[in-house]
Amino acid sequence: MYESRVDLSAIVDMAARIRTEIGKRVIGQRTFIDLLILSLLADGHVLIEGVPGVAKTLSAKLLARSVDVGFSRIQFTPDLMPSDILGTSVFNPKEAEFTFKPGPVFSNLVLIDEVNRAPAKTQSALFEVMEERQVTFDGTRYPMDEPFLVLATQNPLEHEGTYRLPEAQLDRFLVKVEVNYPASAEEVEMLTRYHAGQTADDLGDIEAVVTAEHIAQARAAVAGVHVEPNVLQYIVSLVAQTRDHPMLSLGASPRASIALLATSRAQAALNGRDFVQPEDVQHLLAPVLRHRIMLTPEQEMEGQRPDDAIRRIAEAVEVPR
């Protein structure tokens, strides 16, 4: 059995504690929950897509409850303005001057419900804060406190009253998680709990089991995970394939390569390893790339999905040994 040269037991234990708290209300969805934890370790934002009722918002709220940091929730609507998110200037009569009043984005974990319901003007207000972890208002820079993580949800089926997210914003999400329906046994367990009187709205027994200091220490450990040069080349080759693949009209940017590296290191750490294997990269290829590429119109008409193109790319690129 492999023994890590770096003690990663604290990261494995931290992830287990978070899973336990979320599992008090969410049945199944292990892949979804693991990607939330992984993104927290890799310091990246998460786009969560799924039909209504599959615990997208609930899981994000439970993650926030299990981590002892600030939390805010923003419901995106068509009439939402950038100032409703970032903040605005308010006149202070005592000082006879305007002062900046921070908006709800000034928190540690920010849940944006139905992110595609706000128009492009409002969505673009997130560009700077998601990428640079700061808000610039009237020439003054207001940095975010660490950790800072945006969790945004959207419904893939309902298009009335929604706006397509611009590519520049999509590229700022570390991963895109597609939340599927639960298995039959998991749904039976949900009904059993509901029948016994447990509701998803009752979060009183959800405990904060992780602090901001724990997260900072875990991120420092993840940054020390070793990556061989041939694995780095493997990441670059996979991303480069998206830029001239016949199924795609838009390939992934270098930001995708960085995202693959960051998430692969976090995945290795969660598995108790201090080095990245090609399997870590393969495991995260779809979540990292599916929102950064665009199918050709012909492929869309044939019913193909971005994950289909990603699967073909993974099969075409030689795996390092």
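**Exercise 1. Which residues does Ile-18 contact, leaving aside neighbours within four places in sequence?**

Solution. Take contact as heavy atoms within 4.5 Å. With neighbours within four places left out, Ile-18 touches Ile-37, Leu-40, Leu-63, Ser-66, Val-67, Val-209 and Val-210. The model is predicted: local features need pLDDT of at least 70, side-chain atom pairs count only at pLDDT 80 or more, and totals for chains, interfaces and linings use all residues. Residues are numbered from 1 along each chain as its sequence is written, and side-chain values use heavy atoms, without hydrogens and water.

**Exercise 2. Find the largest nonpolar core and the helix that gives the most to it.**

Solution. A nonpolar core joins buried (under 20% relative accessible area, 1.4 Å probe, protein chains only) Ala, Val, Leu, Ile, Met, Phe, Trp, Tyr and Cys residues through side-chain atoms within 4.5 Å. The largest has 74 residues, and Ile-18 and Leu-151 have the most contacts inside it. Helix H2 (residues 30-42) gives the most, nine residues. Helices are DSSP runs (H or I, at least four residues), numbered from the N terminus.

**Exercise 3. Classify the packing of H1 and H3.**

Solution. Fit axes to C-alpha atoms over the stretch in contact; angles run from 0 to 180 degrees between N-to-C directions. The axes of H1 (residues 9-23) and H3 (residues 56-66) come within 9 Å and cross at roughly 130°. H1 is therefore oblique to H3; oblique is what remains after under 35 degrees (roughly parallel), over 145 (roughly antiparallel) and 65 to 115 (roughly perpendicular). Ile-18, Glu-21 and Ile-22 of H1 meet Ser-59, Leu-62, Leu-63 and Ser-66 of H3.

How values were computed. Buried means under 20% relative accessible area, exposed over 50%, partly exposed in between (1.4 Å probe, protein chains only). Helices (H or I, at least four residues) and strands (E, at least two) are DSSP runs, numbered from the N terminus.
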